[in-house]
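Student: Could you take a close look at chain C, and then set it beside the chain contacts found elsewhere in the model?

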Amino acid sequence: MSGAGPTWTARLRDRAAAAYPPERLLPDRQPAYVASWIYVFGVLTLAALIVALASGALLALEGPQWYHLSAKGHFVNGLHLWSVELFFFTMVVHLWGKFFMAAWRGGRTLTWMTGAVAFLGSIGTAFTGYLVQSNFDAQWIATQAKDGLNAVGVGAWFNVLDYGQMLLFHVVLFPLVLGVLVVWHVLLVRRRGVVPPFPDDRAPRPEG
Amino acid sequence: MDTPEWSGAYRRYDLVKEFVAALVAMVLLTVVLAVVLGSPDRPAISLRHWATAAPADFTLTASTELAGTSATATYGAPYTADPSAGQRLGPLPVQRWGGVREPVDTAKDFVLRPLSTVRGDRPLRAALAVYRAAPPARRRAWATAYATALDKAGGDPAKVARGGYGPVPLLIGRLQTLARGGGLDGILLTEHGPYQTDFAKPLLFLSDGGYLEQQARAEHLGGDQWGMMNETGSYPGQAWLWLYTFWYQIPPFSTSDNADAWVWTLMMLLSLGLVLVPLIPGVRSIPRATRIHRLIWRDHYRHQ
Amino acid sequence: MDHPGYYLNWGFIHISLANLIVIALMVVVFVVALIAPFPKDRGR
């Protein structure tokens with residue numbers, strides 16, 4: 001714990017504070033060009049994700065068979081289904097908006113990439129969710145999906161017919177990775193700010 | 001502090017209020033949708049249900065499992081070690097790269113072992129003994145002959161032509177009885193102990209038959225019905241999977257034995273492409289060329 | 001809602017009414033988001 005120079009703790013703290021002073025983490029103003037409803041789809045996606053996580057947590061509280069046997073459980077299952085449908089709805093509209101704004105400009109490549117990987121990760125999370133419904137749909141999806149995954153050698157390790165493995169992927173592994181990606185994505189948006197409009201829109205630019 | 005490259009005007013923007021509003025909106029929307037539309041939950045098909053609702057299909061499938069001609073028996077990795085089986089990407093045997101990590105011997109696992117757990121059935125014990133004592137070639141001959149004859153008889157054992165099937169008809173008949181009584185579901189799951197979560201064996205057996213697929217196709221869930229996007233009943237499904245399922249609907253994928261290998265490789269590449277859009281010339285220029293950004297930033301361009 | 005859904009066909013496209021509604025809504029919402037007026041700045 002002794003030695004010359006700043007501690008690791010101080011270094012980390014100072015780097016974090018420099019990158020994220022409170023006014024950048026939680027600004028109460030935005031550039032004037034942030035004046036379109038397309039901008040709300042990121043936070044709508046985040047909100048839908050929170051409802052999906054909360055309804056999923058309720059399902060987890062009572063165990064994976066509860067929703068087949070109880071009216072309350074069936075309702076919570078409905079909450080989980082529709083929050084996920086809303087999540088994909090708003091996420092894709094958000095993606096369309098960000099694409100047509102070329103929102104990766106100005107050093108925001110990583111913001112785009114974390115978002116795209118989170119999109120793909122969400123598909124994987126939803127997929128494992130469908131697999132653990134323990135109903136007819138789950139049986140069909142499992143026996144079909146196995147062919148796709150086996151064909152490229154992945155199925156030997158990621159066994160969609162193993163209910164326990166898929167449940168753990170759905171409730172633990174995918175949400176963990178997705179959580180990291182989403183937090184990273186939001187921090188990047190705060191760090192770089194919202195992408196500005198294309199400059200000098202009337203004159204054509206040489207690069208892409 | 002703010003956007004590094006922006007030196008222009010700012011506007012008041014309450015992020016926390018926006019987040020709270022978004023959360024309230026999403027909770028309300030979710031609750032309304034769940035109350036009004038509910039959610040699908042079509043019950044799973046047990047082996048018991050299958051053997052009862054579609055006995056001919058069950059019996060026929062069971063005979064192909066014993067004969068080693070079913071889809072699972074001839075699948076290749078990760079279930080069987082047949083080097084000629086499995087999908088390829090051109091010359092690359094990609095399916096085999098995973099290895100045989102979920103070994104299944106359909107004759108033993110789906111037929112013989114379950115039957116050997118039955119107690120108090122002397123004719124069955126005798127039939128099993130005769131079958132096990134016969135040399136492999138004889139067993140194969142009996143089982144294949146019976147599977148073929150049963151197929152010709154539409155899966156009805158009563159209509160099977162006379163032939164040299166050995167003890168196979170009795171074995172298959174007993175397996176159906178075991179399935180209809182509900183015992184087969186549990187036996188196939190609990191080979192390695194009472195607490196299990198790997199449903200590979202019951203699901204592989206079920207999917208080798210025609211009943212599961214017939215039920216699925218009636219709900220438009222088949223692979224060539226854009227099924228990956230669909231849900232049972234009238235519910236929306238997974239519209240975001242449209243591009244995954246699209247390839248299966250068109251040649252050359254729709255008629256290829258290696259469709260899965262090609263489609264999934266293609267989708268992995270396209271997914272990588274999505275992630276790398278900012279680095280792909282041409283694609284990254286599309287936004288500038290379209291007029292949509294002029295709509296989004298119309299106030300800004302007006303005041304410029 | 002548990003009865004097999006209504007499906008539409010257009011060439012090789014085969015789509016459920018439910019999915020079509022979802023996709024159509026997404027496009028509508030996207031367009032509305034682009035053109036609907038956004039509250040002006042009241043901060044200053």
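Tutor: What follows goes through chain C, then its contact with chain A, one residue of chain A, and finally the contact between chains A and B.

This is a predicted model, in which local features need pLDDT of at least 70 and side-chain atom pairs count only at pLDDT 80 or more, while totals for chains, interfaces and linings use all residues. Residues are numbered from 1 along each chain as its sequence is written, and chains are lettered from A and ligands numbered from 1 in the order in which they are written.

In chain C the secondary structure comes to 1 helix and 2 strands (DSSP runs numbered from the N terminus, with at least four residues, H or I, for a helix and at least two, E, for a strand). Read from the N terminus, the elements of chain C follow the order β-β-α. The C-alpha trace of chain C spans about 55 × 25 × 10 Å along its principal axes, and of the 44 residues of chain C, 11% count as buried (20 or more other C-beta atoms, placed from the backbone, within 10 Å of the residue's own; exposed is 12 or fewer, partly exposed in between).

The strands of chain C are E1(C), residues 7-10, and E2(C), residues 13-16, and they pair in the antiparallel sense over 4 bridges (pairing needs at least two DSSP bridges). One position in this pairing can be followed directly, since Leu8(C) has Ile15(C) in E2(C) as its bridge partner. Between E1(C) and E2(C) there are 2 residues, and together the strands form a hairpin. In the turn of that hairpin, Gly11(C) has a positive phi of about 65 degrees.

Chain C also meets chain A, in a contact that takes 9 residues from chain C and 10 residues from chain A (C-beta atoms, placed from the backbone, within 7 Å). On the side of chain A that touches chain C, helix H5 of chain A, residues 71-100, gives the most, with 4 residues.

Within chain A, Tyr67(A) can be examined residue by residue, and it lies in helix H4 of chain A, residues 66-69. Because it has 24 C-beta neighbours inside 10 Å, Tyr67(A) counts as buried. Leaving aside residues up to four places away in sequence, Tyr67(A) touches Leu59(A), Gly73(A), His74(A), Val76(A) and Asn77(A). Leu161(A) is 94 residues from Tyr67(A) along the chain, and the C-alpha atoms of these two residues are separated by 21 Å.

For the contact between chains A and B, the counts are 81 residues of chain B and 80 residues of chain A. Several elements of chain B give two or more residues to the side that touches chain A, including strand E1 (10-12), helix H1 (15-37), helix H9 (200-208), helix H10 (211-218) and helix H12 (259-275). H1(B) gives the most to that side of chain B, with 12 residues. Strands take part across the two chains as well, in that E1(B) is joined by 3 bridges to strand E1 of chain A, residues 29-31, and the two run antiparallel. Within this pairing, Gln30(A) has Arg11(B) in E1(B) as its bridge partner.

Note on methods
Two residues are in contact if their C-beta atoms, placed from the backbone, lie within 7 Å.
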